[in-house]
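I opened the notebook to look up charged pairs, strand pairing and burial. Entries follow in the order I checked them.

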Amino acid sequence: MGGHWKGDRASAIAAQSVAQTIGGHIFSGFMEETLDIADTSELELLMQTALGICNSNVADAVPSGGTTLTAALLVGGRAVVGHVGDSRAYLIVSDDMSQITTDHSLVQRMQDLGEITPAQAELHPQRNVLLRAVGQGDELQVDVTTHSVQSGTGLLFCTDGLWGSLDDAHMLDIIVK
């Protein structure tokens with residue numbers, strides 16, 4: 001989280017923690033058993049668990065620090081996405097891009113409640129105020145969603161440094177060129 005104490009350290013710990021948790025299951029044979037399962041609930045639980053462990057690791061290693069996190073596990077035509085904060089994931093199919101995460105920010109909440117418009121949100125002075133972040137509390141609420149991905153489907157993961165500077169159409173234009 002830009003401007004937060006040791007945000008770079010919190011981000012590194014978060015990435016390592018999620019990779020270790022999910023990687024541990026992959027190497028233990030878990031993935032071989034789930035590749036043919038149509039029900040993604042085990043994968044969603046794995047993602048939920050990984051982000052929960054990540055939250056504890058960041059809180060322990062960087063007290064008063066925090067980070068956003070968006071991660072995906074691609075298995076058998078599915079993307080299981082875990083998300084906390086305002087980093088975003090987009091699904092790109094052909095020349096269409098759609099945001100598949102929802103920002104956990106004050107401004108997003110205000111938009112959801114109809115208090116401000118998307119145009120007002122872009123310029124709002126509190127648009128970087130987060131309601132959820134990794135390492136900021138014991139009980140982290142994580143969004144976990146599953147999306148179908150076909151050959152040629154793209155995923156874009158980015159921070160507000162990108163999506164806050166470019167609109168979706170411009171990002172897509174750069175990607176498909």
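Entry 1, charged pairs. I am working with a predicted model. I began with Asp 143 and Arg 132, whose side chains form a salt bridge with an N to O distance of 3.1 Å. I then placed the two residues: Asp 143 belongs to strand β5 (residues 143-148), and Arg 132 sits in the loop between α5 (118-123) and β5. They are 11 residues apart, and the pair links distant parts of the chain. Is Asp 143 buried, partly exposed or exposed? I find a relative accessibility of 25%, so Asp 143 counts as partly exposed; the buried class ends under 20% and the exposed class starts over 50%.

I next asked how many salt bridges the structure holds. The count is two. The other entry on my list joins the side chains of Arg 88 and Asp 103, at 2.6 Å from N to O. Arg 88 is in strand β3 (residues 88-93) and Asp 103 is in the loop between β4 (96-99) and α4 (106-112), so this salt bridge ties together parts 15 residues apart in sequence. I checked burial here too, and both Arg 88 and Asp 103 are buried. As a general note, side chains of opposite charge can pair when their charged atoms come close.

Entry 2, the sheet. Which strands does β5 join? I find an open sheet of three strands in the order β1-β2-β5, with antiparallel pairing. β1 (69-75) and β5 are the edge strands, each pairing on one side only. Ignoring direction, neighbouring strands in this sheet are turned against each other by 20 degrees on average. I looked at β1 and β2 (residues 78-84) in more detail: seven bridges join them, and they run antiparallel. One bridge I traced by residue sets Leu 69 against its partner Val 84 in β2.

Entry 3, the whole chain. I tallied seven helices and six strands in the protein chain. Along the sequence I read the pattern α-α-α-β-β-β-β-α-α-β-β-α-α. The protein chain has 177 residues, of which 41% are buried. I also looked up the exposed area, which is about 9700 Å², with carbon and sulfur atoms supplying 50% of it. Last, I looked at contacts with a separation of 6 or more: residues 24 or more positions apart account for 68% of them.

Definitions and conventions
Residues are numbered from 1 along each chain as its sequence is written. This is a predicted model: local features need pLDDT of at least 70, side-chain atom pairs count only at pLDDT 80 or more; totals for chains, interfaces and linings use all residues. Side-chain values use heavy atoms; hydrogens and water are left out. A salt bridge is a side-chain nitrogen of Lys or Arg within 4 Å of a carboxyl oxygen of Asp or Glu. Helices (H or I, at least four residues) and strands (E, at least two) are DSSP runs, numbered from the N terminus. Buried means under 20% relative accessible area, exposed over 50%, partly exposed in between (1.4 Å probe, protein chains only). Contact means heavy atoms within 4.5 Å. Accessible areas come from the Shrake-Rupley method with a 1.4 Å probe; for residues, only the protein chains shown count as cover. Two strands pair if DSSP finds at least two bridges between them. Axes are lines fitted to C-alpha atoms, for helices over the stretch in contact, and angles run from 0 to 180 degrees between N-to-C directions.
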